[in-house]
Amino acid sequence: MSVLLDVRGLKTTFPVGAGQIKAVNDVSFTLGRGEVLGLVGESGSGKSVTGFSIMGLLEPPGRITGGQILFDGTDLTKLGQEEMRRLRGRRIAMIFQDPMMTLNPVLRIDTQMIEAVTAHRPVSKAEARALARDALGQVGIPSPEERLNAYPHQFSGGMRQRVAIAIALLNKPDLIVADEPTTALDVTIQAQILAEVQKLTAEQGTALIWITHDLSVVSRLADRIAVMYAGRIVEYGDVAEVIGKPHHHYTAGLIGSVPSRNRRGSRLAQIPGMTPSLLTLPDGCAFRTRCARADGDCAVMPELTGQGAHWHRCVHPNTQVLA
Amino acid sequence: MNGLMTSRIGGAMEPVKQGGTDVMSDWAGPPAPIVEVQGVSRRFGRKLDWVDRGLVSVGLAKPPSVVRAVDEVDLVIRKGEVVGLVGESGCGKSTLGRMVAGILPPTAGKLYWNGRDVDTLSDDERRTGKLRTQMVFQNPFASINPRLPVAEIVGEAPRIHGIVRGDRAAQAAYVDEQLLRAGLDPSLKGRYAHQFSGGQRQRIGIARALAVQPDMLVCDEAVAALDVSIQAQILNLFMDLREQLNLTYLFISHDLGVVEHLSDRVAIMYLGRIIEEAPTEEVFARPNHPYTQALLAEVPRIELTRRSFSSIKGELPSPLNPPSGCHFHPRCPHAVARCTVERPRLKSVAPGHTSACHLNDVG
């Protein structure tokens, strides 16, 4: 599988007062064509900022301060505004948690979709409209021809998210970055959208980064998982490896916290404490203040170690196999 | 309201006769219901003034559209039980929870607290009765006054209702005790809500609810806004409190994993109606209603291999204009002609297991 995206040592920082918040700290991963990567973490872990960095959508004063984002051989961190603009929406697209971030509430769906096509491709309006109609049909919107004339407020939340996905798919991008797109949706609607996304990425060979806090969604959707904690990837590997034999104690704790993994009514295996502030991280491993296995060795930041398809950032890796 | 107070002392599963001379003894069979709703409905719509009513009655104006948020629902919650109420957005689960907690009056139907019809209670009894059921809300950012210190948020209600008497020191000690029980450091009680994390704020909400010594908590999506690891901490706290205080819970959630873990019994709602109700293990092992079956099939669970998603077709219909007959029939793979015209009633399909589906009548 050829490498489409190669992120190397990405650092994104936000200046705060005299200091710097390292929202993304030395993050590296690769993604092949048609592959699905699940980027998992809790609030403040840097998973969304990683997505925004790839898209070139960081809000100043946040900026990329190190590393490379090689997309099909081009370093995105070196591209200017205009070059990035030409790439976004055509070869890389993003789906947001709130579809109203993508949709303009005062424009009809067809206006917005036609614009997304003609901005990148020399096609007539009629052709663009036909493409838009096909895209709506693809994501499972009934009677797409009529729905093109509707405004965003005339759609339900799940339908709006489908429209946002249809817009992302319009120009057949090589890569889609999806930032918690189903978190706000009901279970049955979430399942419908996941089914569509799974089908479309397989058919079109689109690579997908699915950013989420929900391990159970990515365990079914992704080929590989990267777990982020306090700005760093702490574990990375094939889904079966990471979920079945988590090496990092944070990953093991996350899996243990999911109710359905526990016997009914028993106490959940909880991680003590809370996510530390990025301003006051402990030295070395950021998780050591909450980790049962931590000792003096953890005061030095562990390197990503491992072999083959499974990497972790821990000096005392967990050896227990989770059922 | 001596009866309500003594119920705290009695064990959750104790027979009613040990409950003493309180109102619960009117009920036969243990354990006694703490809350019961019978045929309650709640409609939301514009109120008509006399002009509008006149115009509607002579056919010059259309009757206003009315949302039937809850439509003739029966539910019994017994002492010491955790009842999970599950459904998708707009199904009326929060509205039902608010009616159970007594903060939203039903449009129709009866509500019983400890076996007594709420309509027959005196104002005093009703006030005390309301204190016995407290709510924990989904959004700890919106449900806590940002301009009061935590000590006041937790301490105000017990002081006003005379639950804690004595001087300032006694009241402060009471607040400390409440905070400790919810897993908060009492030295932080001078702080304001914005100085806490989401999980800590949810603990403040729980401490506030418990400060008036309720028998029952209605938790409306109480862990939905929290990160997975924090969610586990709060769920553990709920389970600990249940043991320590003998609490009864109505646990409202869209997350079936959470409900399965916590509940003894589960009721599933669809568009304002309860369509299935059973002990947790029973409903997860043998779901009867096609909607329940679809819902359970789609619970994301951690799996070791990539699997394709499948799903039921269609969206939730609008509660303004729900489908006729069984509300689920347009999405149901097994729907027959009868489903489109006749509302199915909850019928027993196994001991303690009821389901509202016409398919159960066949054969």
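This passage describes the packing, the chain contact and the unusual backbone sites of a predicted two-chain model. Residues are numbered from 1 along each chain as its sequence is written, and chains are lettered from A, with ligands numbered from 1, in the order in which they are written. Because the model is predicted, local features need pLDDT of at least 70 and side-chain atom pairs count only at pLDDT 80 or more, while totals for chains, interfaces and linings use all residues.

The contact between the chains takes 41 residues from chain A and 38 residues from chain B, where two residues are in contact if their C-beta atoms, placed from the backbone, lie within 7 Å. On the side of chain B that touches chain A, α8, α9 (256-262) and α11 (290-297) each supply at least two residues; helices (H or I, at least four residues) and strands (E, at least two) are DSSP runs, numbered from the N terminus. The most residues on this side, nine, come from α8(B). By class, the side has 14 nonpolar, 15 polar and nine charged residues. Here Ala, Val, Leu, Ile, Met, Phe, Trp, Tyr, Cys and Pro count as nonpolar, Asp, Glu, Lys and Arg as charged, and the others, Gly among them, as polar.

Helix α8(B) (residues 228-245) also packs within its own chain: its axis comes within 10 Å of that of α7(B) (residues 198-210), and the two cross at roughly 20°. Axes are lines fitted to C-alpha atoms, for helices over the stretch in contact, and angles run from 0 to 180 degrees between N-to-C directions. The two helices are therefore roughly parallel to each other, a term for angles under 35 degrees. Residues B:G198, B:G199, B:Q202 and B:I206 of α7(B) meet B:I230, B:Q233, B:I234 and B:L237 of α8(B). The residues of this contact divide into four nonpolar, four polar and no charged.

The largest nonpolar core has 173 residues; such a core is a set of buried Ala, Val, Leu, Ile, Met, Phe, Trp, Tyr and Cys residues joined through C-beta atoms within 7 Å. A residue is buried if 20 or more other C-beta atoms lie within 10 Å of its own. Helix α6 (residues 157-169) of chain A gives the most to this core, with eight residues. A:A132, A:L170, A:W210, A:V227 and B:F251 have the most contacts inside the core. Leaving aside neighbours within four places in sequence, A:L170 is in contact with A:M113, A:A116, A:V117, A:L131, A:A132 and A:A135.

In chain B, nine of the nine residues of helix α3 (residues 93-101) are buried, so this helix is largely enclosed by the rest of the structure. After α3(B) comes B:G102, with a positive phi near 80°. In α5(B) (residues 150-160), the buried residues B:V150, B:I153, B:V154, B:G155 and B:P158 pack against α6 (168-181) and α7 of chain B. B:G162, which follows α5(B), has a positive phi near 70°.

Most residues other than glycine have a negative phi, and most peptide bonds are trans. A:A230, in the loop between β9 (224-229) and β10 (232-238) of chain A, has a positive phi near 50°. With 23 C-beta neighbours inside 10 Å, A:A230 counts as buried. B:L271 lies in the loop between β9 (265-270) and β10 (273-279) of chain B and has a positive phi of about 50°. B:L271 is buried, with 24 other C-beta atoms within 10 Å. A cis peptide bond, with omega about 10°, joins A:P60 and A:P61.

Note on methods. Parallel < 35°, antiparallel > 145°, perpendicular 65-115°, else oblique. Buried ≥ 20, exposed ≤ 12 C-beta atoms within 10 Å, placed from the backbone.
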